[in-house]
Amino acid sequence: MAQRGWAALCRFFVVLVLGSAGAAHSQDIDTLKRIADTGTVRLGHRESSIPFSYYDEKRNAVGFSHDLMLKIVDALKSNLGLPGLTIKLVPVTPQNRMALVQNGSVDIECASTTHNRERARQVAFSTSFFQIGTRLLTHRASGIHDFPDLAGKRVAVTSATTSERLLRTYNERSAKGFRILVGKDHGESFELVTSGRADAFMMDDALLYGERAKVANPQDWDVVGTPMSSEVYGCMMRLKDHQLKQIVDGALIKMMTSGEILKVHQKWFQKPIPPRGLNLAWPASPELRALYEHPDDQPSE
């Protein structure tokens with residue numbers, strides 16, 4: 001009788017603890033209130049995601065996505081009545097970006113993060129602000145023109161990206177038998193190719209053009225291949241941060257419908273950019289223009 005009573009008491013405490021944890025987890029997150037209370041917003045940025053979010057020659061965070069985040073901060077200042085809102089920049093990587101958003105170390109991350117259904121179960125995404133296709137960057141003399149040409153080759157890809165998952169799946173299903181080499185960021189992945197350790201680099205085409213702009217002779221390198229996927233980028237926030245998402249979406253949609261975002265695109269994709277002053281010469285595609293004309297926050301898949 002005493003044992004049954006002790007077992008019942010243990011079950012009661014387990015239910016109580018789990019119930020309390022579930023209730024706490026289900027509560028809405030109010031990052032906007034924390035931003036207002038502290039007067040500080042924490043922005044996640046990348047170190048080498050050219051031309052979206054990266055360091056220039058002075059190690060200042062710059063880029064297309066970074067400019068969008070600064071516009072979002074302007075919207076936050078206006079909505080919260082905080083003209084002196086302080087910005088804290090937090091560097092993130094493909095491996096830790098979602099965790100840093102989830103645990104509150106980062107309030108908003110706008111860089112080159114693909115919005116898909118799997119990720120949308122872990123974080124909230126803004127209105128999509130860019131559309132890309134996954135392709136290959138390779139030297140003109142490599143003989144690689146599309147994905148079937150990878151048979152027996154060495155292919156670099158960045159860790160913890162949707163491209164890594166796609167590349168591994170393609171290798172398994174196609175039985176091409178190529179070797180996959182993984183870099184911790186896009187700079188390291190492309191270095192695997194420029195150093196001769198890999199034959200091609202698979203990633204989002206916009207990022208490939210950014211890496212190509214870094215080399216001494218960009219004309220020797222080509223972005224090739226039929227896109228393996230079409231993906232959209234969005235800014236990440238914590239799940240249930242409804243009020244913050246509303247402000248972020250509002251700022252992005254205003255830039256899109258007014259045409260302002262196309263001027264930002266021209267700045268980073270059609271004009272010389274740091275650190276080498278090279279021009280990516282990549283005008284906005286019809287698909288990207290269509291996205292800006294009809295903004296939405298739907299995932300890629």
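Which residues are exposed on the other side of helix 11? I will come to that after an overview. This is a predicted model.

The chain has 301 residues, and 48% of them are buried. Its secondary structure comes to eleven helices and 14 strands. The C-alpha trace spans about 80 × 55 × 35 Å along its principal axes. The chain exposes about 14,300 Å², and 53% of that area comes from carbon and sulfur atoms. On charge, there are 37 positive and 33 negative side chains, and the centres of these two sets lie 3 Å apart. On contacts, take the ones between residues at least 6 apart in sequence: 75% of them join residues at least 24 apart.

Now to helix 11, residues 286-293. Its buried residues are L288, L291 and Y292. They sit on the same side of helix 11 because they cover an arc of only 95° around the axis. As a general point, an α-helix has 3.6 residues a turn, so residues three or four places apart point the same way. That brings me back to the opening question: on the other side of helix 11, the exposed residues are P286 and E293. What covers the buried side? The cover over the buried residues of helix 11 includes helix 3 (64-80), strand 8 (130-139), helix 9 (242-258) and helix 10 (260-269).

Strand 8 turns up again with strand 11. Strand 11 covers residues 200-204, and five of its five residues are buried. Strand 8 and strand 11 run antiparallel and are joined by four bridges. In that pairing, L136 stands opposite M202 of strand 11. Strand 11 also pairs with strand 9, residues 154-158, this time in parallel, through two bridges. There, V155 stands opposite A200 of strand 11.

Next, H186, which lies in helix 7, residues 186-194. Is H186 buried or exposed? With a relative accessible area of 2%, H186 is buried. Which residues does H186 contact once neighbours within four places in sequence are left aside? They are R46, S48, S49, S112, T158, T161, F201, M203, L207 and E211. Two of the elements already described come into that list: T158 falls within strand 9 (residues 154-158), and F201 and M203 fall within strand 11 (residues 200-204). There is also a long step in sequence here: H186 and I50 are 136 residues apart along the chain, yet their C-alpha atoms are separated by 8.6 Å.

S48 and S49, both contacts of H186, make up strand 2 (48-49), an edge strand that pairs on one side only. The sheet in question is open, has three strands in the order 2-3-4, and its pairing is antiparallel. The other edge strand is strand 4 (61-62). Strand 2 is joined to strand 3, residues 53-55, by two bridges. The bridge partner of S48 in strand 3 is Y54.

Last, a second histidine, H45, in strand 1, residues 40-45. H45 counts as buried, also at 2% relative accessibility. Not counting residues up to four places away in sequence, H45 touches S53, Y55, A61, L89, V90, P91 and V92. Among these, S53 and Y55 belong to strand 3 (residues 53-55), while A61 belongs to strand 4 (61-62).

To recap the two histidines: H186 touches S48 and S49, and H45 touches S53, Y55 and A61. That is where I will stop.

Methods
Residues are numbered from 1 along each chain as its sequence is written. This is a predicted model: local features need pLDDT of at least 70, side-chain atom pairs count only at pLDDT 80 or more; totals for chains, interfaces and linings use all residues. Side-chain values use heavy atoms; hydrogens and water are left out. Buried means under 20% relative accessible area, exposed over 50%, partly exposed in between (1.4 Å probe, protein chains only). Contact means heavy atoms within 4.5 Å. Accessible areas come from the Shrake-Rupley method with a 1.4 Å probe; for residues, only the protein chains shown count as cover. Lys and Arg count as positive and Asp and Glu as negative; His and the chain ends are not counted. The place of a charge is taken as NZ of Lys, CZ of Arg, CG of Asp or CD of Glu. The arc is that of the directions from the helix axis to the C-beta atoms. Two strands pair if DSSP finds at least two bridges between them.
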